[in-house]
Amino acid sequence: MFLAIKKCAVTLVLFCLIAWSCQEKVVEVSLEKHSIIPIPVQVMTSGANFLLDKTVKIQVEEGVDLDVFGVRLQAAIQSSTGLQLGMESESASKVIELKIDSSFTPVKESYKIDIQTEKIRLIGSDQAGLFYSIQTFQQLLNGVKGKQILLQGGLIEDYPAYAYRGMMLDVARHFFPVSDVKHLIDQLAIYKINHLHLHLSDDQGWRIEIKSWPLLTTIGGSNEVGGGDGGYYTQEEYQELVAYAAKNFITIVPEIDMPGHTNAVLNSYGILNPGIEVPKETAVPIDWTAFGLEKDANATPYHTGIDVGFSTLDIHSEVTYQFVEDVIRELAAITPGPYLHIGGDETLIVPIEDYVYFIERAQELVTKYGKITMGWDEVAHAKLLPSSIVQFWAKPENAVLAIEQGAKVLMSPAVHTYLDMKYDSTTSIGLKWAAYIELDDAYKWDPTTLDEGIHLKDILGVEAPLWTETIESRADIEYMVFPRLAAIAEIAWSPQVNRSWEDFQRRISKHGQVWEEKGINYYRSPQVLWE
């Protein structure tokens, strides 16, 4: 009898232990110790906590596209937590509500996240703002797995410091296929980057189909640094990228660099400047017969190195301006965004008066086809339209010249934002001519204090360029971009008063965990205690 009672007691204890172990653990998410990047304008907490579990429904208000925003939020929550939430068209007991409300200011790209006991409200001032609210909400849940998640109550209010927040990818030195660019776009959206600048031409390769000048891709597209096969985007592929970016509220900014950095043009059409000499040590003859073509006696050989400044279009030939107009016309027709970048940097063999003449004519053609001219800071030596944008990379005095003409400045100081610069002397890829750029170098600067002649009212935004002389793969891109792009994204979005290097070090560590889960090849900076 005693043994039977003892056996029952043991069984009861085991049953209780099993039942206790099967209880769902409630995982807590703190607003006070969030890891959101870029850091929001304001985060306030309350005692009205929200329990996120499988009973919660996603609800969209009138005017919000369920298939765009509801599905995206559903996927974001499932990706982060594993929870699969249903959609609810009518009121439910516990909901996450998606709403657009244009009555609060600033109107463009602003959002709020209001966490209450029975409801979470994601509110955007416009569609972009609602999209960014989802990005922030997903970051709150990053690394949080569980079937019951207790979100600390409170309110997040947020809006961008700068209208233009960008990254540039050089696809000319090394070519990257559509899939790699889409993968990059996915990552940019997380950090509220809203422009992707594609450097589509340079001495080593031409990367966009121009139907009126077909040899640009046939010949000029078949090379890259080191002498690889290169590649190019058809106009249809380019439009596919434009559309994919737009779904992530990112505008594509195409760049055709001119009048310098044009050897790939001269590979294809020697008539645009006969007699240009390519550095002998990096010159590779073109096998025209391999393309079924007769040799162009005026065409230059391929340039497989990374030296710059030796090439230019013929400034005094009207054929040059017919070429430039055709390129701008075709590119403008497939680019819905407002900007078209004409390069204009490092034209070392062109007299200044010829350079100014060319830039002013190119600017006229960009305007003719309904676009706003962008150019590297050297273009400020020309007479610019007040609508034109100068991208400051090297000389602040050029930026000031542009400002004096009424133009806005896009801030890309090489010593802070050039993502192709090595982190330190041990980095295996990248260059170092501007600086070694560790994570703190990318974070600890402000666009309004770089030069006394550049003020907040003069700045359109911030862009981080990635030149690809040494970058050959998606993994290379990821390693040089992350974590530095997150730092620059915070400068572009968040007010200076909110930014703190010590707090950023804490928050970025959580993002490293997410990058590892996604298989992203990021740089584990020794300045961060990575989770």
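**Exercises: strands, burial and a surface patch**

Strand β6 (residues 95-100) and strand β8 (residues 119-124) run parallel, joined by 6 bridges. Within that pair, V95 sits opposite K119 of β8. A quick word before you start: this is a predicted model, where local features need pLDDT of at least 70, side-chain atom pairs count only at pLDDT 80 or more, and totals for chains, interfaces and linings use all residues. Residues are numbered from 1 along each chain as its sequence is written, and side-chain values use heavy atoms, with hydrogens and water left out.

**Exercise 1.** Work out which strands stand at the edges of the sheet that holds β6 and β8.

*Solution.* Begin with the strand order: β2-β10-β7-β8-β6-β4-β5, an open sheet of 7 strands with mixed pairing. The edges are β2 (42-45) and β5 (86-87); each has a single partner strand, so one side of each lacks a neighbour in the sheet. Strands here are DSSP E runs of at least two residues, and helices are H or I runs of at least four, numbered from the N terminus. Two strands pair if DSSP finds at least two bridges between them.

**Exercise 2.** Describe how strand β11 (residues 164-170) is enclosed, and by which partners it is flanked in pairing.

*Solution.* Take burial to begin with: 7 of the 7 residues of β11 are buried, so the strand is largely enclosed by the rest of the structure. (Buried means under 20% relative accessible area, exposed over 50%, partly exposed in between, with a 1.4 Å probe and protein chains only.) Next, look at the side chains: Y164, G166, M168 and D170 point one way, while R165, M167 and L169 point the other. Now the pairing: β11 runs parallel to β20 (residues 459-466) over 6 bridges, with R165 partnered by V462. It also pairs in parallel with β12 (residues 195-199) over 5 bridges, where M167 meets L196.

**Exercise 3.** Place G375 and decide whether it is buried or exposed.

*Solution.* G375 belongs to strand β17 (residues 372-376). Its relative accessibility is 0%, so it counts as buried. Beyond its neighbours within four places in sequence, G375 is in contact (heavy atoms within 4.5 Å) with H341, G343, I389, V390 and Q391.

**Exercise 4.** Locate I349 and classify its exposure.

*Solution.* I349 is in the loop between β16 (339-341) and α9 (352-368). Because its relative accessibility is 45%, I349 counts as partly exposed.
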